[in-house]
Amino acid sequence: MVPYEYYVALSGLLMVLGFIGVIVRKNIIAMLISTELMLNAVNVAFVAFDMKLHDVVGQVFVFFILTIAAAEAAIGLGLIMAIYRMKKDVDVEKLTELKG
């Protein structure tokens, strides 16, 4: 059996990679994928701590996070399609009209 510390380390690595992806990338789709990576990192951490504490609360939170991730992906892709139809580009640097 794999110790839970390995899962927590994997979760931390996925979180860092997702955070770097959101900060460094300028493409909205890559940023959306990086956000999904961070949400999955949280899921791995919840399952690891659930395994350590022998409690099912972490698994319940994983289902909530999966639901939120699915909604976020659907809304995000809808917004990206709408922006692409108007601008013909999904580069974040070129989207100045969204500033208030």
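Okay, let's start with the nonpolar core. The largest one in this chain has 6 residues: Ile28, Leu32, Ile80, Ile83, Val90 and Leu95. Two helices feed into that core, H2, which covers 28–53, and H3, and each of them supplies at least two of the residues. I should say right away that this is a predicted model, so please keep that in mind as we go along.

Let's zoom in on one member of the core. What does Ile80 touch, if we don't count residues up to four places away in sequence? The list is Ile28, Ile29, Leu32 and Val90. Three of those names should sound familiar, since Ile28, Leu32 and Val90 are listed in the core as well.

Now, stay on helix H3 for a second. H3 runs over residues 57–87, and Gly76 sits in it. Is Gly76 buried or exposed? Its relative accessibility is 13%, and the cut-off for buried is under 20%, so Gly76 counts as buried. If you want a feel for distances, try Gly76 and Met51: they're 25 residues apart along the chain, and their C-alpha atoms are separated by 32 Å.

Okay, stepping back to the whole chain. How many helices and strands are there? We've got 3 helices and 0 strands, and if you read along the sequence the pattern goes α-α-α.

What about the overall shape? Along its principal axes, the C-alpha trace spans about 50 × 25 × 25 Å. The radius of gyration is 17 Å, while a compact globule of 100 residues would come in near 13 Å. Of the 100 residues here, 23% count as buried. On the surface side, the chain exposes about 7100 Å², and 73% of that comes from carbon and sulfur atoms.

One for the contact fans: take contacts between residues at least 6 apart in sequence, and 57% of them join residues at least 24 apart.

Last bit, the annotation. Which residues does UniProt mark as "transmembrane region"? The record gives 4–24, 28–48 and 60–80. Let's put two of those onto the model. Residues 4–24 are 100% helix and 0% strand, with the end C-alpha atoms 30 Å apart. For residues 60–80, the end C-alpha atoms also lie 30 Å apart, and that span is 100% helix and 0% strand too. And our buried glycine, Gly76, is in helix H3, the helix that helps build the core we started with.

Terms used: Residues are numbered from 1 along each chain as its sequence is written. This is a predicted model: local features need pLDDT of at least 70, side-chain atom pairs count only at pLDDT 80 or more; totals for chains, interfaces and linings use all residues. Side-chain values use heavy atoms; hydrogens and water are left out. Helices (H or I, at least four residues) and strands (E, at least two) are DSSP runs, numbered from the N terminus. Buried means under 20% relative accessible area, exposed over 50%, partly exposed in between (1.4 Å probe, protein chains only). A nonpolar core is a set of buried Ala, Val, Leu, Ile, Met, Phe, Trp, Tyr and Cys residues joined through side-chain atoms within 4.5 Å. Contact means heavy atoms within 4.5 Å. UniProt positions are given in the numbering used here, feature names are shortened, and annotations may be inferred rather than shown by experiment. The radius of gyration is taken over C-alpha atoms; the globule rule is 2.2 Å times the number of residues to the power 0.38. Accessible areas come from the Shrake-Rupley method with a 1.4 Å probe; for residues, only the protein chains shown count as cover.
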